[in-house]
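Colleague: I am new to reading protein models. Could you take me through a few features, one by one?

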Amino acid sequence: MLEPLARVYERSVPAEPADDGLFGPGSIVWRVHRDRSFALAGMRALMVQALHPLAMAGVAQHSDWRRDPFGRLAATSGYVLTVTYGDRASANEAAARVRAVHRHVRGTDPETGLPYAAEDPELLLWVHAALVESIETIVQRYGRGLEPVDADRYVAEMVPFAEIVGVPRDMVPRSVEALNEWMRSVALVQPTQAARDAIEVVVDPPGIDGDTRELWHELAKVAIGTLPDWARAAYGFAMPPPEALEREYVRQLLGTLDLAFESLGGVMEARRRIELRTRS
Amino acid sequence: MKKPAAAMVQSRAGRSAALARLALRIGGRYVARSPRLVFASVERRRELRHDLALRSADDVAEELGAMRGVLMKLGQMASYVYEDLPQTVRATMGRLQQTAPPMSPEMAAGVITEELGAAPDEVFARWDPLAFAAASIGQVHRAITRDGRAVAVKVQYPGIARSITSDLRNVSLLRRLVGSAFPGLDSRSLVEELAERLEEEIDYGLEARSQELFASYYDGHPYIHVPHVVPALSTARVLTSDLVTGSRFEEMQGWSQHERDLAAETIYRFVFRSLYRIHAFNGDPHPGNYVFHGGGRVSFLDFGLTKTFTDQDLAPLVDAVRLLVFDNDADGFRDALERAGFLKAGAPVATQLVVDRFGHFYGTVLKDRPMMITPEYSSAIVRRFFDARSPLAPYSDVPRAYVVMQRINLGLYAVLGSMNATANWRRIAEEIWPFRNGPPSTPIGEAEARWEAQRAIAV
């Protein structure tokens with residue numbers, strides 16, 4: 001299950017990039033996106049993203065995630081990594097492919113009866129905001145740490161990330177506070193049946209080998225425990241006990257999972273490529 | 001590909017050990033991926049990733065904290081069990097440090113300043129700012145002391161002690177990991193032992209005392225050399241001892257079989273002599289800890305995992321050997337194993353079965369004749385040891401006092417096996433067993449006997 005993610009990781013971090021890409025080796029984005037807590041941030045982001053019925057409907061009706069959840073996860077993570085560490089041409093190509101797919105993603109959400117289009121900047125921004133807010137929260141709490149000033153810088157640096165998929169620059173929040181405020185301002189937040197189905201898969205993926213399952217469940221608790229209160233309330237999730245969220249314990253879980261990931265071919269090498277570029 | 005180890009794990013540990021299996025696969029792979037770094041030539045500096053040097057205590061925590069260091073250590077231990085690991089890897093049992101980048105020169109100098117009260121350039125006449133080897137949770141620098149001694153200075157990663165200690169506190173996770181790595185054995189006592197050993201490894205002061213115990217005992221030995229510690233330049237996080245230069249394991253493996261046999265004989269003598277004569281085991285028998293000088297002369301490094309035994313600990317083991325090998329007393333042999341705790345008393349198994357199964361571990365000394373220890377032989381021993389399907393498995397155990405000994409025994413066989421070493425091991429053992437005190441059986445044995453005679457006079 002980790003193997004496709006590892007292959008994507010290896011491919012998305014180029015050995016000989018033409019330029020430093022959208023962010024560059026000195027950016028906070030580079031530092032934050034290789035944090036060992038990134039998988040947890042991703043899991044939490046999916047939980048928040050799914051709470052927008054129209055964003056969720058687009059995924060539910062137009063993607064094969066249900067058949068191949070890890071393939072879908074690998075594709076998403078490959079996109080994030082390519083846009084982060086790839087050169088400008090690779091980042092723009094990846095974004096162009098996403099926009100091309102989005103053109104055909106439109107329809108009506110069966111539960112709210114509202115029409116949607118994946119090109120809708122509001123929806124794109126929701127997905128962006130949920131990702132950025134999750135990464136910032138998780139890296140701050142369980143990663144190498146993120147000073148508040150750097151967290152704000154991170155949010156601001158990520159503006160081009162939203163822009164290349166079609167969000168007008170001026171719409172994108174540029175600080176943690178602005179980001180949180182914007183998310184709270186989105187009125188249409190509710191878990192549809194499609195979202196509940198999706199999150200069930202996120203928390204307990206099918207076909208996951210027994211070895212990893214237990215660890216995954218523990219991390220899902222952490223994702224739930226760190227959701228914004230409104231998001232946890234929307235799902236009706238109970239707050240996990242405090243010891244399940246304790247930093248040292250969660251870092252031990254993450255360290256174990258990450259070591260499994262890093263021991264797969266290509267991952268350590270890709271990380272070293274990133275590290276060496278940030279040093280030169 | 002056969003997966004006996006995996007099958008064993010499943011039969012015993014069940015679902016709750018899921019995470020453990022994951023971690024062990026990880027650890028095993030980690031070991032498997034770094035053999036080049038383990039088998040290093042004398043000039044190993046180039047193989048350390050100085051370009052990726054750790055620059056802060058925070059870097060160290062990131063690299064070796066959050067279970068990473070502890071899991072790599074466990075993976076190293078598990079590499080005994082997993083048959084599908086390449087032989088060379090099992091033989092090397094790479095240390096966790098080999099995968100971690102070295103410290104930056106500034107950080108290493110910072111540790112020296114904190115520990116020895118002044119910057120390395122002041123403390124030493126000469127100081128090499130780049131480490132030349134990885135070491136037990138740290139790295140090794142060359143230096144020359146102010147009175148002209150060439151030394152190797154082991155410097156510990158700052159903050160590593162704290163993070164390993166806190167990871168070891170996650171006992172429930174560790175117990176699951178260990179229970180799965182060593183099915184059939186008592187995971188509680190193994191975790192306690194692992195934790196205790198790792199905590200000891202963190203304190204270089206303990207290691208210095210152990211090393212000095214070996215160094216002073218072997219002083220003047222014609223074949224076995226243990227470098228002395230420089231106490232004035234050693235602390236809990238810095239260990240300075242005489243510099244050893246020579247050939248590493250990989251290089252020695254290219255020598256003639258005769259040379260390799262001599263080296264193997266010395267390693268064998270070192271292990272058994274240390275156990276029976278100073279009641280101590282250097283518990284980390286991996287080839288990176290040996291330096292070869294030709295003609296059978298070997299230097300032994302790294303005493304971070306030393307275990308000492310009392311007469312009481314040893315008595316049942318000595319009895320077991322004597323009763324099996326010399327007295328052919330099956331009941332007595334079984335009784336000795338029960339006294340040592342290897343076999344539960346009153347287990348409903350035939351004594352002959354006990355003799356057959358446990359007798360394998362004495363294969364090198366059962367018969368008075370030259371014997372080649374092949375890689376196949378050594379892996380068969382290891383497999384048998386961990387064979388949870390054996391009818392004896394429900395009743396056998398490794399008592400806490402012997403965990404390290406078992407580890408070194410298996411490691412020793414792996415090393416000797418990878419050298420394809422031939423000797424009359426029985427004769428050599430007879431020289432060393434205190435209840436035999438046999439005559440020298442080889443040229444090395446004769447030189448050793450002369451050394452011992454002189455030693456007796458000197459003492």
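Modeller: We will look at helix packing, burial and backbone angles in turn. Keep in mind that this is a predicted model.

Colleague: Let us start with packing. At what angle do helix H7 and helix H8 of chain A pack?

Modeller: The general idea is to compare the directions of the two axes. An angle over 145 degrees counts as roughly antiparallel. Here H7 (residues 121-142) and H8 (residues 148-157) of chain A pack at about 155°, and their axes are 10 Å apart. That angle makes H7(A) roughly antiparallel to H8(A). The crossing of H7(A) past H8(A) is right-handed.

Colleague: Which residues make the contact between H7(A) and H8(A)?

Modeller: H7(A) brings Val132(A), Glu136(A) and Gln140(A). H8(A) brings Ala151(A), Tyr154(A) and Val155(A). By type, the residues of this contact divide into four nonpolar, one polar and one charged.

Colleague: Now burial. How many of the ten residues of helix H4 of chain A are buried?

Modeller: To judge burial, count neighbours. A residue is buried if 20 or more other C-beta atoms lie within 10 Å of its own. In H4(A), residues 53-62, eight of the ten residues are buried, so this helix is largely enclosed by the rest of the structure. Pro53(A), Leu54(A), Ala55(A) and Met56(A) are among them, as are Ala57(A), Gly58(A), Val59(A) and Ala60(A).

Colleague: What do the buried residues of H4(A) pack against?

Modeller: Both helices and strands of chain A. The helices are H3 (38-49), H7 and H11 (193-203). The strands are S1 (106-108) and S2 (115-117).

Colleague: What can I say about chain B as a whole?

Modeller: Begin with the elements: chain B has 21 helices and twelve strands. Then take burial: 49% of its 459 residues are buried. Last, look at sequence separation. Take the contacts in chain B between residues at least 6 apart in sequence; 71% of them join residues at least 24 apart.

Colleague: Which sign does phi have at Met67(B)?

Modeller: Look at the backbone angle, then at the setting. Phi of Met67(B) is near 75°, a positive value in a residue other than glycine. Met67(B) sits in the loop between helix H4 (57-64) and helix H5 (68-78) of chain B.

Colleague: And what is phi at Asn420(B)?

Modeller: Near 50°, again positive in a residue other than glycine. The loop holding Asn420(B) runs between helix H19 (403-418) and strand S12 (422-423) of chain B.

Colleague: Are Met67(B) and Asn420(B) buried or partly exposed?

Modeller: Count neighbours again. Met67(B) has 28 other C-beta atoms within 10 Å, so Met67(B) is buried. Asn420(B) has 16 C-beta neighbours inside 10 Å, so Asn420(B) counts as partly exposed.

Methods: Residues numbered from 1 in each chain as written. Chains lettered and ligands numbered in written order. Predicted model: local features only at pLDDT ≥ 70, side-chain atom pairs only at ≥ 80, totals over all residues. Axes fitted to C-alpha atoms, helices over the stretch in contact; angles between N-to-C directions. Helix = DSSP H or I, 4+ residues; strand = E, 2+ residues; numbered from the N terminus. Parallel < 35°, antiparallel > 145°, perpendicular 65-115°, else oblique. Left-handed = near helix turned anticlockwise from the far one by under 90°. Contact = placed C-beta atoms within 7 Å. Nonpolar A, V, L, I, M, F, W, Y, C, P; charged D, E, K, R; others polar. Buried ≥ 20, exposed ≤ 12 C-beta atoms within 10 Å, placed from the backbone.
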